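Q: Hi! I'm new to reading structures, so could you walk me through this one?

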Amino acid sequence: MANKIVIVGGVAGGANVAAQIRRNDNDSKITLFDKDEHVAFSTCGMPYYIGGVVDKRDQLLVSSDKIAGKFDLDLRTNTEVTSIDRENKQLTYRDSAGEHRTSYDKLILSPGASAKKPELEGMNDNRTFTLHSIPDMDAIEHYIETEKPQSCAIVGAGFVGLEMVENIHARGIDCTIIDRSEQVMKLVDQDMAAIIENHLKAKGVQLLLDESLESFSNNGATLDLTSGKSVQADMTIMAVGIRPNKVLAEDSGLEIGETGGIKVNDYMQTSDPDIYALGDAIQTNDLLTGTPRHVALAGPAHRQAFILVNHLQGGTNPYAGVQGTAIFKVFNLSAGATGLNKAVLKHLDINYKEAVHEGLSHAGYYPSAEKITLKVLFDAENGRIYGAQAVGREGVDKRLAVMATVMKAKMTVYDLPELELGYAPPYSSPKDPINVLGYKAESMLES
Ligand SMILES: Cc1cc2nc3c(=O)[nH]c(=O)nc-3n(C[C@H](O)[C@H](O)[C@H](O)COP(=O)(O)OP(=O)(O)OC[C@H]3O[C@@H](n4cnc5c(N)ncnc54)[C@H](O)[C@@H]3O)c2cc1C
């Protein structure tokens, strides 16, 4: 049956939903609203444009006309949806001509998240940036080009913070990282993060951990920390996290979960069955434990788009839950994690053990073998894999992908030595580091 489908948000989640609907349905009318000018852009590529790895801005963008034409969309950019009237199945939106209303049969919310930018005393918005949208990226690029900053403070050592350090540094700018935690990248455990920290220091990045930014002074060029220390910086990137864009959902009475994301069921339906939601705005359940989780990653958003459209078109494929597999690059290192880390396992009071192995990415005698550190976290009784982490210069993505797969397949550490992962000197060793990690882990269970 032809429907009037309205989508709010046109980047990873929203654009994917529109494309998926059109695979089987040429009749429904699809209206897609985005409050920004750009839709379906490559968010994940933005740090690399700033660093000059991606040399043309256009490489990150897709033409709105092209998308609208290809998927037969009524595409409204620069148009913000401001409220939902669930009772009458209508919504209000605002564009340059003012406020309007439109109706929907099915409404899909993919409004993403917003970068947190705490209102700190003395902050100068002209030199303090976040990175979440194309205008954010353009503002950073413009500042670097016109003001030629010599120094940059990056507040927050998570995903975006660390990617920005590498890319700002690539522009010849001295970088200082400030994070209130005792380690960088809380996705991985402290021992794995220490490898990243040493690498950052070796690259000349100043690290101020266990330090909180309290305020700015000197027209925003001095960052005053709670410890009494201060940092001088010509520019500051605030990468202190994101918050789900839930206001639209909350104001219309949709249920919000304990993590702050919009609550959805296994088919991405909100508490109103005619309204679906996906992406950074929602709360999902952890694949393994079923506990609520808010994960802001592109892979899960794409999978959720598939699940959502399958249900919209009469299917019953449930969403399995989110595993949280993430990988990132910091200068010459790659680091990644899947599943649960130590902090989460402790928080959930799960009885776990961990094995760590430091091996080589491939045969040591074959040129450019690099050290790789792998960790597996597993059930202390039956060896079921709860999570894994990998850090190194080469071969990290492959080991992470294998560990993510064995975890999804509900394997145990006893399976790891049995995996035949393919060996020739340029790629691995007859016993891949994952096999060795498995031998270590199973010996811990046997003893
Ligand atoms: C710098 C950066 C790097 C990243 N790198 C990676 C990576 O390497 N790997 C990875 O897996 N993930 C990465 N991510 C995360 C990934 O981009 C997100 O998980 C993904 O984009 C989420 O998709 P979404 O559709 O939920 O939200 P978004 O892609 O953020 O789209 C939301 C859209 O909704 C619009 N919108 C919001 N409210 C309204 C409204 N009321 N009316 C109309 N429009 C509205 C917004 O303007 C926005 O365009 C990165 C994110 C950032 C910021």
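**Contacts, ligand and loops**

A: Sure, let's start with one side chain. Asp432 and Ser428 are joined through their side chains by a polar contact of 2.7 Å. A polar contact is a pair of N or O atoms within 3.5 Å; within protein, one must be able to donate a hydrogen and the other to accept it, and residues adjacent in sequence count only if both atoms are side-chain atoms.

Q: Is this a predicted model, and what should I know before reading on?

A: It is a predicted model, where local features need pLDDT of at least 70 and side-chain atom pairs count only at pLDDT 80 or more, while totals for chains, interfaces and linings use all residues. Residues are numbered from 1 along each chain as its sequence is written, and side-chain values use heavy atoms, with hydrogens and water left out.

Q: Okay, which other side chain makes a polar contact with Asp432?

A: That is Arg399, whose side chain makes a polar contact of 2.7 Å with the side chain of Asp432.

Q: And where is Asp432? Buried or exposed?

A: Asp432 is in the loop between helix 10 (396–408) and helix 11 (433–446). Helices (H or I, at least four residues) and strands (E, at least two) are DSSP runs, numbered from the N terminus. Asp432 counts as buried, at 2% relative accessibility. Buried means under 20% relative accessible area, exposed over 50%, and partly exposed in between, using a 1.4 Å probe and protein chains only.

Q: Let's switch to the ligand. Which residues come nearest?

A: There are 27 residues around the ligand, and Gly13, Asp34, Ser110, Asp280 and Ala298 come nearest. A residue counts as near if one of its heavy atoms lies within 4 Å of the molecule or strand in question.

Q: What touches the oxygen atoms of the ligand?

A: Here are three examples. Gly13 has a backbone N or O atom 2.7 Å from a ligand oxygen. For Ser110, a polar side-chain atom lies 2.9 Å from an oxygen of the ligand. Leu297 places a backbone N or O atom 3.2 Å from a ligand oxygen.

Q: How much of the ligand does the protein bury?

A: Taken alone, the ligand exposes 990 Å², and the protein buries 89% of that. Accessible areas come from the Shrake-Rupley method with a 1.4 Å probe; for residues, only the protein chains shown count as cover.

Q: Which elements give two or more residues to the shell?

A: Those are helix 1 (12–24), strand 4 (80–85) and helix 5 (159–169).

Q: What is the shell made of by class?

A: The shell has 14 nonpolar, eight polar and five charged residues. Here Ala, Val, Leu, Ile, Met, Phe, Trp, Tyr, Cys and Pro count as nonpolar, Asp, Glu, Lys and Arg as charged, and the others, Gly among them, as polar.

Q: New topic: how many salt bridges are there?

A: A search of the whole structure finds 24. A salt bridge is a side-chain nitrogen of Lys or Arg within 4 Å of a carboxyl oxygen of Asp or Glu.

Q: Why would side chains pair like that?

A: Side chains of opposite charge can pair when their charged atoms come close.

Q: Can you show me one?

A: Asp189 and Lys375 form a salt bridge, at 2.9 Å from N to O. The pair links distant parts of the chain, 186 residues apart: Asp189 is in the loop between strand 11 (174–179) and helix 6 (190–202), and Lys375 is in strand 25 (residues 371–379). Asp189 is buried at 4% relative accessible area, and Lys375 is buried at 0%.

Q: Which residues are in the network of salt bridges?

A: Asp189, Asp191, Lys342, Glu354 and Lys375 are linked in that network.

Q: Any salt bridge with partly exposed residues?

A: Take Lys246 and Glu250, where the closest N and O atoms are 4.0 Å apart. Lys246 is partly exposed at 25%, and Glu250 is partly exposed at 38%.

Q: Last one: what is the phi of Lys89?

A: Lys89 has a positive phi of about 50°, although it is not a glycine. Lys89 lies in the loop between strand 4 and strand 5 (90–95). Asn219, another residue other than glycine, has a positive phi near 60°. Asn219 is in the loop between strand 13 (213–217) and strand 14 (222–225), and counts as exposed at 57% relative accessibility.
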